[in-house]
Each structure stands twice: as C-alpha cells, then as structure tokens.
Amino acid sequence: MSAIFAAQAGTQVVVIEKNATAGQKLVLTGGGRCNITHAGTVDDFVRVYGKSGRFLRHCLHEFSPDATRDFFGRIRIATKVNENGCVFPVSESAGNVQYALLDQCKKLGVQFVFGRGVEGIKKHGAEFIISAGKEVLTAHKVIIATGGASYPDTGSTGDGYKLAKSLGHTIIEPKPALVPLITSEKWCAELSGISRDNVTISTMIDKKRISVSGAMIFTYDGISGPAVLDLSRLLADYFPAQKPIGIFIDVVPAMNEAKLEEYLMGQLSQYSKKIIANVLFELVPKKLGGLICSQAGITETNASQLKKEQRRKVIQLLKKLPLSIEATAPIEDATITRGGVSTAEIDPTTMQSKICPGLFFAGEVIDADGPCGGYNLQIAWSTGALAGKLAVK
Ligand SMILES: Cc1cc2nc3c(=O)[nH]c(=O)nc-3n(C[C@H](O)[C@H](O)[C@H](O)COP(=O)(O)OP(=O)(O)OC[C@H]3O[C@@H](n4cnc5c(N)ncnc54)[C@H](O)[C@@H]3O)c2cc1C
C-alpha cells in the first residue's frame, strides 16, 4: 500500500522484500479469505482500537475504511460485509487481494528486489544507505513496513524493530496478541474441540473490568476462538508480570441468572429421572455439562434429588465458570504482535519519524493494534497509504 501510494504520487519506488514474493502473510488472512476491514465509521474504529485509537485517528481520516473499500473496488477487488460487520472480498480469496496489489504496483512501475532481507539502514546527510545482502541501495526516503514478529515463517521476524532501534527509536516490548490462552486447569484438554458460538469472558485487573464476547473453543492446553483471541490482546500487557490471571466465562450469556434459574427449574421437573448432566445437555454441550456437574459435585445426582444450593452452584458455574490464565501461546502462533515502534516517536499526521527525518513507518511494526475483524489490516492500509503519500511530499 505504501509503494502504491508513493508511486501514484510520482516517485521511483523500490520494495526490498526478503521473501520470493510479497504478501505471504496476507494470503493467510481470514483463513485464506482476507478480512480486509470492518464496516464502521472512523469514530467506531478509533473506539475499537482503544489505546492505539488516538494515534491512528488522523490516518484513518486520510484513508478511511470506506476509502479502502473504494480503493479495492478500483483494483477489481469488490467487497462484501458479513453479518458480523467483517468486510471480505466477494471472491473470498486472499490470494486475489495479494495479486491485485502486486499488479497495481507493477502498473505504477514499482521495482521489487525479492529474496533480500534488509540488514542495516544508515543515514548519511540527507540520504539513507540500505544494505540487503550484496545489494546496497541509496534512497531519499525509507518506509519501514516489516510487520511484527508473529508467524515468522511468513517473513515477519521482527527485523523492523532492530532497524528502527539502530536509527534511534524506542521499541515497546513486542508481545503475542490475538493468540490462544494457556490455562492452569488441565481439564480443558478433556473438553478439547468443544466450542460455544457466544460466551462472555470477563476479568478484573488493577480495578479495571475487561470483558469480551463471541465464540470460543476449548483446546488441549487452554482456550481459543475469536473471543479468547480478543481477550489475549487485552491481557498481553499484564503478562508475564501478573499471572495467573483469573477469568470467568459466562457460557449462557443470553439468559440472566433469574431467567436461567426459571429455565432450569422447568427442565428439572420435566426430566426428573435424568441425571443432571443430561438435563444440562439442552443448554450446553454434554462434556461441558459433565464438567459443570463434576465441579458442583453432582455427577450421579438425578434431577429430582437436586438440592437448592446445588442448583445455585450449577447456575453459578454456567454464568461464571472460573479459569486461571497462565500465559498466552508463543508469538509464533500469534495473529499479531502487540508492541513495536513507539507511537510517541512517530508523527501521526505523516507517519514520519520524529527522530530521524525521512524515515517513515507503516503497518504492524508500529505499536498499534486492534482486535479480530479486519482492524489490523486496516492499520496496515491506512498507515501504509499515508506514509507512501507523505514520504513523497
Ligand atoms: C494467520 C493470520 C491471519 C490474519 N488474518 C487477518 C485478517 O483476516 N484481518 C486482519 O485485519 N488482520 C489479519 N491478520 C493480521 C495481519 O495479517 C497483519 O496485521 C498484517 O499483515 C500486517 O501487515 P504488514 O504489512 O505491516 O506486515 P506483514 O504482512 O507481516 O509484511 C511484512 C513484510 O516485510 C517483510 N520483511 C520483514 N523483514 C524484512 C527485512 N529485513 N527485509 C526485507 N523484507 C522484510 C516480510 O517478509 C513481509 O513480507 C492475520 C494474521 C495472521 C498471522
């Protein structure tokens, strides 16, 4: 995106890419379907980004989610919005998005140096000297768009942090985010593969309530799924200093406690001869019901024998199933990296370094991130477009 906007502004652009082609991570996005962005206004995006929102506001106004969809429409990537507000290409092909961007670069005369990783960037007077293997290039402006440190097989191995640091920048500690969570409880393994379409997960840290909603799945060492990935982004700042972090899962958020009690009492009288786990089967998957019964100490109890305090315990577990989070899964498994080049040292109106004039940043290398749903690619599109346009200016 940076290369396209810089070339459109009429300058000679060279992209140095360590892989044999560009956009290796892009082709993996959205499970191969590429969740390009999200439906919503700039204000919606700023709110969703949380602490990154203020820094991103200007570039989102300069190249908004709507402008992004218009741009992709112009390069023959028509988009559609799903029921959750996520924007995908109509073709549902991330490969098509990658191809369209590379094709646009080609049409604008962008040159690519593939298979060369940038190892050093030095500033001499007004010029940058860039070393990449045997290649040494000079440039008036440099845009670092090397991504984060997650999914390193795609090429993003955190090189941008070293390059930025060598030019005087501060790096906020990169941490895995949008990543599965590892629990102290070993029973998650028994439920591995069991999923819920909608849960609410909440916790309280430093007197701050954190809450996320959406789908989740139990895994062999913890929990995953969209709601959990979003939670991991919010917990990342606290690991490893604070651990374990206690969380509660509301596995039936559609019913409040009173409604749930009324519903359960109806079910218990209707199926009075069944054991409780089988009564709960109407509400939650059988294995999860079994776990709740075992935690409530009523594995073999029939519905007709259930005492009031045992019923209260079941309701409590359905509404507030406790788990202790030990850690996030490693950065190699993370969708994004939280942290990166400090936004305090980047001008939000240009993406130019405040420390090293002529140096710009775009994308995940910057300490800015968002939840699942197309918000991270939007950061790459908006910062990339602004950096490309303004680097030329
Ligand atoms: C599995 C997966 C699915 C995802 N799905 C979505 C989604 O659907 N929607 C969404 O919004 N976000 C999604 N993301 C996040 C999104 O892909 C990233 O935030 C986005 O790709 C960041 O773009 P970027 O250009 O900053 O970095 P990257 O896409 O990581 O690109 C950086 C490029 O720089 C190159 N590079 C690195 N170091 C050097 C060097 N020293 N020299 C030369 N080249 C170098 C790399 O090879 C790479 O090609 C997903 C991420 C993953 C891992």
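Modeller: One definition before we start: two strands pair if DSSP finds at least two bridges between them. Also, bear in mind that this is a predicted model.

Biologist: Fine. How many residues join β13 to β14 in their hairpin?

Modeller: Strand β13 covers residues 208–219 and β14 covers 222–224, and they pair in the antiparallel sense over three bridges. Among the partners, T219 stands opposite G222, and F218 has I223 as its bridge partner. The number of residues in the hairpin joining β13 to β14 is two.

Biologist: And β12 with β13: which residue in the turn has a positive phi?

Modeller: These two run antiparallel, joined by nine bridges. I205 has K208 in β13 as its bridge partner. The hairpin leaves two residues between the strands, and the one in the turn with a positive phi, about 45°, is D206.

Biologist: What is the strand order of the closed barrel?

Modeller: Six strands make up this closed barrel, with antiparallel pairing. Neighbouring strands are turned by 50° against each other on average, ignoring direction. Going round, the order is β11-β14-β13-β12-β15-β16.

Biologist: Which helix lies across those strands?

Modeller: Look at residues 226–235, a helix that runs at about 140° to β13. Besides β13, the strands it lies across are β11, β12, β14, β15 and β16. That helix is α7.

Biologist: Now α2 and α3: are they roughly parallel or antiparallel to each other?

Modeller: The axes of α2 (residues 42–49) and α3 (residues 53–62) come within 9 Å and cross at roughly 155°. Angles over 145 degrees count as roughly antiparallel. Therefore α2 and α3 are roughly antiparallel.

Biologist: How many nonpolar residues are there in the contact of α2 with α3?

Modeller: The crossing itself is right-handed. On the α2 side you'll find V42, F45, V46, R47 and Y49, meeting G53, L56, R57, L60 and H61 in α3. Two of the contact residues are polar and two are charged, while the nonpolar count is six.

Biologist: Last one, the ligand. Which element gives the most to the shell around the ligand?

Modeller: There are 32 residues around the ligand, with G30, N35, G147, G155 and G363 coming nearest. By class, the shell has 12 nonpolar, 15 polar and five charged residues. β1 (14–17) and α12 (375–392) each supply at least two of them. The element that gives the most, with four residues, is α12.

Note on methods:
Residues numbered from 1 in each chain as written. Predicted model: local features only at pLDDT ≥ 70, side-chain atom pairs only at ≥ 80, totals over all residues. Near = placed C-beta within 6 Å. Nonpolar A, V, L, I, M, F, W, Y, C, P; charged D, E, K, R; others polar. Axes fitted to C-alpha atoms, helices over the stretch in contact; angles between N-to-C directions. Parallel < 35°, antiparallel > 145°, perpendicular 65-115°, else oblique. Left-handed = near helix turned anticlockwise from the far one by under 90°. Contact = placed C-beta atoms within 7 Å.
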